[in-house]
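Morning, everyone. Please look at the screen while I talk.

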Amino acid sequence: MSWGIELWDQFDNLEKHTQWGIDILEKYIKFVKERTEIELSYAKQLRNLSKKYQPKKNSKEEEEYRYTACKAFLSTLNEMNDYAGQHEVISENMTSQIIVELARYVQELKQERKSHFHDGRKAQQHIETCWKQLESSKRRFERDCKEADRAQQYFEKMDADINVTKADVEKARQQAQTRHQMAEESKADYSSVLQKFNHEQHEYYHTHIPNIFQKIQEMEERRIVRIGESVKTYAELDRQVIPIIGKCLDGIVKAAESIDPKNDSQLVVEAYKSGFEPPGDIEFEDYTQPMKRTVSDNSLSNSRGEGKSELKFGGKSKGKLWPFIKKNKGATPEDFSNLPPEQRRKKLQQKVDELNKEIQKEMDQRDAITKMKDVYLKNPQMGDPSSLDHKLAEVSQNIEKLRLEAQKFEAWLAEVEGRLPARSDQARRQSGMYETQNAPSVNNCAQDRESSPDGSYTEEQSQESEVKVLATDFDDEFDDEEPLPAIGTCKALYTFEGQNEGTISVVEGETLYVIEEDKGDGWTRIRRNEDEEGYVPTSYVEVYLDKNAKGAKTYI
């Protein structure tokens, strides 16, 4: 099958068909281009969606992602970000391997098509010129023949007329001969032109046009093959990313399978545990027997001896009350001794972690400066090595200061962890890692605060008002009560400035009386004299209990 043979007379239709083929190719390029734009837009929307739900840095939301369920969600967001990246890869590959290549091919195809049809038109113009020459020669031959016939007829007429002179007859004869000669010449020219035209026409229809149409056919078939290859590439580019997209989806499934409800429950405990023991039962207070009322462990203060009682909050108490009424309005102690034991441990762990990060940062900076100094030593033209000595010394000093600071906080942390209920080292460190941002700040464990469900401490104005009213009502009643008996002595290991109501200031090395031991909340009640008594952190004193004292516990 050859267009040159089968379609020898369809030059115009072939020109239209090949132009349609180029239009189809350009339409396909436009389709792929729009597909790449859709892929980019989809990838952008997926990235924005992933970014929108990413936890904000240094926020409470970021701390929530320590739970396995939230970690699974975060993994989903990260996998969707990678998933979006694969759609960007599809767009980039389609642009480079299909759009760019086909656009270049279309330009080449247009030039080739233009060249072929230019040759075809040139051949058409040549055959048309030959045809015109043939027609002109034919008309001239026809005209000369007619003129010769008329000249012959005129000669014969003159020759037959007896009245015409011999000279006129001779003139007519010569004229007829001339016309016959011209006719013969026109005949020869016409025959030559006709022969030439037939040759050109044969070449045109059997050589030139078949060759040109054959080239056009090959060009068109290459275009069709190229479209087929592009469509196959289109599918292959999509298939190439399927394994990676599958891995992204597998990552999401793996993250879902890693969700551990028990672990999340333990993290809730680590996040909000205060370290205090639950309050004891509230005993019945019989007001029908004056001066013989008893109070429970969670009242404002503990019993002052047998038969003695103090103020309590009765049935309106909403939970364990802290030993003091007013919160500290001054600066927070450096060792966080104003916090409950568990919260203090978390704050100290957070501080230790921060200091370790700073130390690592300074060490990295020192290593970088050292490497730069080595480079300067090997290549003096790049800089003066001695210019880095000051900076290196400064960084080393910073590291030493941070290490001393970290050791101080680690000592406090070890002290707190030694007094907390037994727990594994791993649990301690996890608690420090997970609960540094949202550890509630409690100023000196104010009595008018209580633990809320989210682990923070909420001010209870109604309790504070009740404290003030009840305290006024009962102050006169207990003014003349005897003080609690001493159950031992203690020595102040550190200076403590008691700035809250209910606390007492002590000086390092001072010896005082113990009237109430630590009940698990980290505070010991002591007395300096009959008028000065209050609470101090148990970690600030070394206690010597009198085993024979009434009310003292026996330690094994």
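How many disulfides does the structure hold? Zero. Keep in mind that this is a predicted model. A disulfide is a covalent bond between the sulfur atoms of two cysteines. There is none here. So where do we find cysteines? Take Cys-248. Is Cys-248 buried or exposed? It has 4% relative accessibility, and buried means under 20%, so Cys-248 counts as buried. Now Cys-490. Its relative accessible area is 1%. That is under the 20% cut-off too, so Cys-490 is buried.

Next, the strands. Start with S3, residues 488-492, and S4, residues 511-516. They pair in the antiparallel sense, over four bridges. One pairing to find on screen: Lys-491 has Thr-511 in S4 as its bridge partner.

Move on to S5. S4 and S5 also run antiparallel, joined by three bridges. Which residue in S5 does Val-514 stand opposite? Ile-526. S4 and S5 form a hairpin, with six residues between the strands. Look for Gly-520 in that hairpin. Gly-520 takes a positive phi, near 105°.

Stay with S5 for a moment. The strand covers residues 523-527, and Arg-527 is in it. Is Arg-527 buried or exposed? Its relative accessible area is 10%, which is under 20%, so Arg-527 is buried. What does its side chain touch? The side chain of Arg-527 makes a polar contact with the side chain of Glu-533, at 3.3 Å.

Now a helix. H7 runs over residues 261-272, so count 12 residues. From first C-alpha to last, H7 reaches 17 Å. The expected value, at 1.5 Å a residue, is 16 Å, and H7 is close to that.

Which residues of H7 are buried? Asp-264, Leu-267, Glu-270 and Ala-271. Look down the axis of H7: these buried residues fall within an arc of 115°, so they line one face of the helix. Here is the general idea. An α-helix has 3.6 residues a turn, so residues three or four places apart point the same way. Back to H7. On its other side, Pro-261 and Lys-262 are exposed.

One last stop, at the N-terminal end of H7. What caps it? Asp-260 does. A side-chain oxygen of Asp-260 lies 3.1 Å from the backbone nitrogen of Lys-262. Lys-262 therefore turns up twice in this helix: as an exposed residue, and at the cap.

Notes: Residues numbered from 1 in each chain as written. Predicted model: local features only at pLDDT ≥ 70, side-chain atom pairs only at ≥ 80, totals over all residues. Heavy atoms only, no water. Helix = DSSP H or I, 4+ residues; strand = E, 2+ residues; numbered from the N terminus. Buried < 20%, exposed > 50% of the residue type's maximum accessible area, 1.4 Å probe, protein only. Polar contact = N/O pair within 3.5 Å; in protein donor to acceptor, adjacent residues only side chain to side chain. Pairing = 2+ DSSP bridges. Expected span 1.5 Å × (residues − 1). Arc of directions from axis to C-beta. Disulfide = S-S within 2.5 Å.
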